[in-house]
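Colleague: Could you take me through this model before I plan around it? I would like the fold and then some single residues.

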Amino acid sequence: ELELSSSDTAKEDTDGAEEPQEIRPDQTDRPEENLKEDSLATYEELEGEVAELKDHLLRAVAEAENVRRRTEREKADASKYAVTNFARSILSVADNLSRALESVTQEGREASEEINNLCVGIEITGNELDNVYEQFGIKPIDALGKRFDHNFHQAMFEVDDPEQPAGFVVQQIQKGYTIHGRLLRPTMVAVSKGGPNIEETNGD
C-alpha cells in the first residue's frame, strides 16, 4: 500500500473544502438602510402625533380662556345691570318731582315762602337722586338739538320748522337715561321736519 504524504493529505483537504463566499457591499448595507427608513418613518409619525396633540392642547387652552372671559363678563354685567328694573321704576319718581316743580311759577314761589321752601326741598331731593344715579352709572341722555337717533330717542311727533334741518330733536318731552352706556329709557322727543336735510346742507 502506498502511503500518502502529509502534503498530499493537505492537498486533498484543501480540494474538498468549500471556498468562502464573497460578501458584497450591497448585502451588508441593505439592513442598515432599511433600519434608517423605518426609523425615519417612525420619527415622522411621532412628530405628526405631537403636532396634533399640541394643536388639541392649544385649542383646549383657548376655549378655557374664552369661557373664563365670558364668565367674568357675564358676572360683571350681572353686577352692573342688577338694578336696571329698580332704576327704571325710580325714574318715574324723578319725573313726578320735575312735574311738581314745573307746576309752580316763579311768581308763586316769590309770593309764598312756604311754597318756595317746598320747591327747594324738591330740588334738593332731585339733586340727591342725580347723585344716586351717578353712583350706579345712570346718566341722562342729552337729546335737545341733536340729530334723531332711534337707539336713544323715541319720536312722539314732528314739528314743521323750515329754519331747522330736518330730523333734529327740537323738543324734549320726557328725559331719557342710560345705565353704563346701555339704554335704560329712551328720551321722548319732537323731531323737526320741513327744513333742509343735513346731507344737502353739508353738500352745499
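The turns below go from the whole chain to single residues.

Modeller: This is a predicted model, so local features need pLDDT of at least 70 and side-chain atom pairs count only at pLDDT 80 or more, while totals for chains, interfaces and linings use all residues. Residues are numbered from 1 along each chain as its sequence is written, and side-chain values use heavy atoms, with hydrogens and water left out.

Colleague: How many helices and strands are there in the protein?

Modeller: Helices (H or I, at least four residues) and strands (E, at least two) are DSSP runs, numbered from the N terminus. Along the sequence the pattern is α-α-α-α-α-β-β-β-β-β-β-α. The count is 6 helices and 6 strands.

Colleague: What percentage of the residues count as buried?

Modeller: Buried means under 20% relative accessible area, exposed over 50%, and partly exposed in between (1.4 Å probe, protein chains only). Of the protein's 204 residues, the buried share is 17%.

Colleague: Which strands stand at the edges of the open sheet of 3 strands?

Modeller: Two strands pair if DSSP finds at least two bridges between them. The sheet has the order β1-β4-β5 with antiparallel pairing. Each edge strand has a single partner, so one side of each is left without a neighbour in the sheet; these are β1 (138–140) and β5 (182–185).

Colleague: What is the bridge partner of Tyr 177 in β5?

Modeller: Strands of a sheet pair through backbone hydrogen bonds, either parallel or antiparallel. Here β4 (residues 177–179) and β5 pair in the antiparallel sense over 3 bridges. The partner of Tyr 177 is Arg 185.

Colleague: At what angle to β5 does helix α3 run?

Modeller: Axes are lines fitted to C-alpha atoms, for helices over the stretch in contact (heavy atoms within 4.5 Å). Angles run from 0 to 180 degrees between N-to-C directions. Helix α3 (residues 84–102) lies across β1, β4 and β5, and its angle to β5 is about 45°.

Colleague: Is His 180 buried or partly exposed?

Modeller: His 180 sits in the loop between β4 and β5. Most residues other than glycine have a negative phi. His 180, not a glycine, has a positive phi of about 55°. Its relative accessible area is 35%, so His 180 counts as partly exposed.

Colleague: Where does Phe 157 lie, and what is its relative accessibility?

Modeller: Phe 157 belongs to strand β2 (residues 153–160). Phe 157 counts as partly exposed because its relative accessibility is 38%.
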